[in-house]
Amino acid sequence: MLHRRRAPLLAGLAAMSTALVLTMTGPAGAQTGSPPPAAASAPLSAASSSAATPSSADAFAVTGVKVDINGSNPTTVRDQAIREAQAKAWAELYRRLVPGGGNPPRLSDNEIAKLVQGFEIDEEKVSASRYVGAITVRFRPNAVRDALGQSGGAAQYVEPPARPFVILPVTQTDGRTILWQDRTPWRAAWEARQPAASLVPLVVPDGELSDAQAISGEDAVAGNADALARIAQAYKAGGVVVARTDLPVNGPDPARGLTVDVTRYGLDGTRDNQTVQVKSGGTADELLNRAVASVGTQLDDSWRREHTTATGPEQNTLVRVPLTAVNDWVETRKRLSGVNAVTRTNLMSISRSEALITLTYRGAPEQLAQALARQDLGFAQATPATAGYPGAPLPVQSADWQLTLLPRGSGAASAGAVPGSATPMATPMAAPTSLAPSAPIDGTTTMGAPPRNLGTLPAKSAP
């Protein structure tokens, strides 16, 4: 298990060897706690670092877990604190991923430890008999998916984004659209945003020259697909969120509240539009902070509605994909990459008329069919395979299920769970990697050639 500390921990070693605590020198503003009750008279030593801020760009990480443990042995106390932090983080992650929250499955300390990829000590105060700290715990995605439905756990969970989203705070003032030119109060509120229990991880751009060259405020408001793709690629993001609000020249008026127009753009060409209303009250800074939190909550809620899938162990299904044009297979792969229920796609063989793949997924086939329909993919029992033309060979293997491309937008109705606001963009964002051009299969393709093994497709979200 990886273990990276954010600051030196010499205080703990000193307590072990001399039963005294050496006070570490931390950053400006580091606080020293009061002595533990009925314990050693030496104060708690503070170890923290402002140079490394916990990242909120990981939906399987729980940041800032607070622990306060008393004990007689410094080493034992720290180990107990880590175990408690992991248990608290597991409960928080369960509430984040499971619709409706609730209590997580009962797991022992060892079982929880097996789910943990690593942890970081954000800050700590140590004495010979007390440990107070804040710890970030990062979990193994696949192990968590397997554990969510165990021991009476949830039947469904929400698959987080595989990559974070870039958030663009756009301010409109007196007819001007401001994104990079000035550091507006709206942008400052996003830059000051603390890591939160967020399902949709958000990254605030640095605002350097390269960002301004990638996308302008006008491009962001207009939803320019090429510009959105550039800024997403710059931050290795899965999409972009444009959060636009109107502010007076002298700043927000807390007595009038705030309205934020939020548009989430995905690399797969989808977008989701929402309007966030923030109630009046408090100071201008408090109003903006509430607006930032409300936008994050709305994004999480929207993602939950669209990306709920079944828990349980993975299973494999052999699937036949009819092909009529070269681009059919390219488009099928693209749409499969957006199906959260599918954890792996293995290409077994491909010929002129069809491909044979193995889908690895969670849940029942009926649930998989609904998830595939959201990406305009039909999934049904396969009919016996026949030759596509005289003399064409039959597939080497037979499949019980068939996957077909549906016209864009036609699968949403059959899925029955896609919000009306999630609609395809008129011009999809360009993905960081290019796709093969569409071209019909013609006589230049070797007819009757045996299926060829083309290897394994990259896993969509491998931990």
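**Entry 1. Confidence**

I began with pLDDT, the predictor's confidence in each residue, from 0 to 100. The model is a predicted one, and I found that its protein chain averages a pLDDT of 75. A score of at least 70 is reached by 72% of the residues. I then compared the elements of the chain. Helix α1, residues 10-18, has the lowest mean pLDDT, 34, whereas strand β10, residues 239-246, has the highest, 95. I noted next that the pLDDT is below 50 over residues 1-55. Beyond near neighbours in sequence, this stretch has 108 contacts in the model. Residues 416-427 also have a pLDDT below 50, and I recorded 24 contacts for that stretch, again beyond near neighbours in sequence.

**Entry 2. The chain as a whole**

I looked up the secondary structure and found twelve helices and 19 strands in the protein chain. The chain has 463 residues, of which 46% count as buried. I turned to the contacts between residues at least 6 apart in sequence: 72% of them join residues at least 24 apart. For the surface, I noted that the chain exposes about 21,900 Å², with carbon and sulfur atoms supplying 51% of that area.

**Entry 3. Nonpolar cores**

In soluble globular proteins, nonpolar side chains tend to be buried together. I therefore asked which residues touch the most other members of the largest nonpolar core. They are W90, I135, F139, W186 and V260, in a core of 55 residues. I traced the largest share of this core, nine residues, to helix α2, residues 74-97. I also looked up a second, separate core; it holds 21 residues, including V319, V339, A355 and Y361.

I went back to F139 and left aside its neighbours within four places in sequence. The contacts of F139 are then F60, V62, Q86, A89, W90, L93, L115, V116, Q117 and V144. F139 also belongs to one aromatic cluster, together with W90 and Y94.

**Entry 4. Aromatic pairs**

A pair of aromatic rings is described by the distance of the centres and the angle of the planes. I counted five aromatic pairs in the model. One of interest to me was the pair of F379 and W401, which is stacked, at 4.7 Å centre to centre and with 5 degrees between the planes. I placed F379 in strand β17 and W401 in strand β18, residues 401-405, so the pair ties together parts that are 22 residues apart in sequence. I also asked whether the two residues are buried or exposed. F379 is buried, with a relative accessible area of 11%, and W401 counts as buried at 16%.

**Entry 5. Positive phi values**

Most residues other than glycine have a negative phi. I looked up two residues with a positive value. K236, which is not a glycine, has a phi of about 50 degrees. I located K236 in the loop between α8, residues 225-234, and β10. K236 is exposed, its relative accessible area being 64%.

D376 also has a positive phi, near 60 degrees, and is a residue other than glycine. I found D376 in the loop between α11, residues 365-373, and β17, residues 377-381. Is D376 buried or exposed? I read a relative accessibility of 5%, so D376 counts as buried.

**Entry 6. Two residues and their distant partners**

I chose G71 and found it in the loop between β3, residues 61-70, and α2. G71 counts as partly exposed, at 24% relative accessibility. Its C-alpha atom is separated by 8.1 Å from that of A128, 57 residues apart along the chain. Not counting residues up to four places away in sequence, G71 touches V77, A128, S129 and R130.

I then took L299, whose place is in helix α9, residues 284-306. L299 counts as buried, at 2% relative accessibility. Which residues does L299 touch, not counting those up to four places away in sequence? I listed V200, L202, V241, V262, R264 and Q274. I also noted that the C-alpha atoms of L299 and S198 are separated by 9.2 Å, although these residues are 101 residues apart along the chain.

Notes:
Residues numbered from 1 in each chain as written. Predicted model: local features only at pLDDT ≥ 70, side-chain atom pairs only at ≥ 80, totals over all residues. Heavy atoms only, no water. Helix = DSSP H or I, 4+ residues; strand = E, 2+ residues; numbered from the N terminus. Contact = heavy atoms within 4.5 Å. Core = buried A, V, L, I, M, F, W, Y, C linked by side-chain atoms within 4.5 Å. Buried < 20%, exposed > 50% of the residue type's maximum accessible area, 1.4 Å probe, protein only. Areas by Shrake-Rupley, 256 points an atom, 1.4 Å probe, with all protein chains shown as cover. Phe/Tyr/Trp six-rings, centres within 6.5 Å; stacked < 30°, edge-to-face > 60°.
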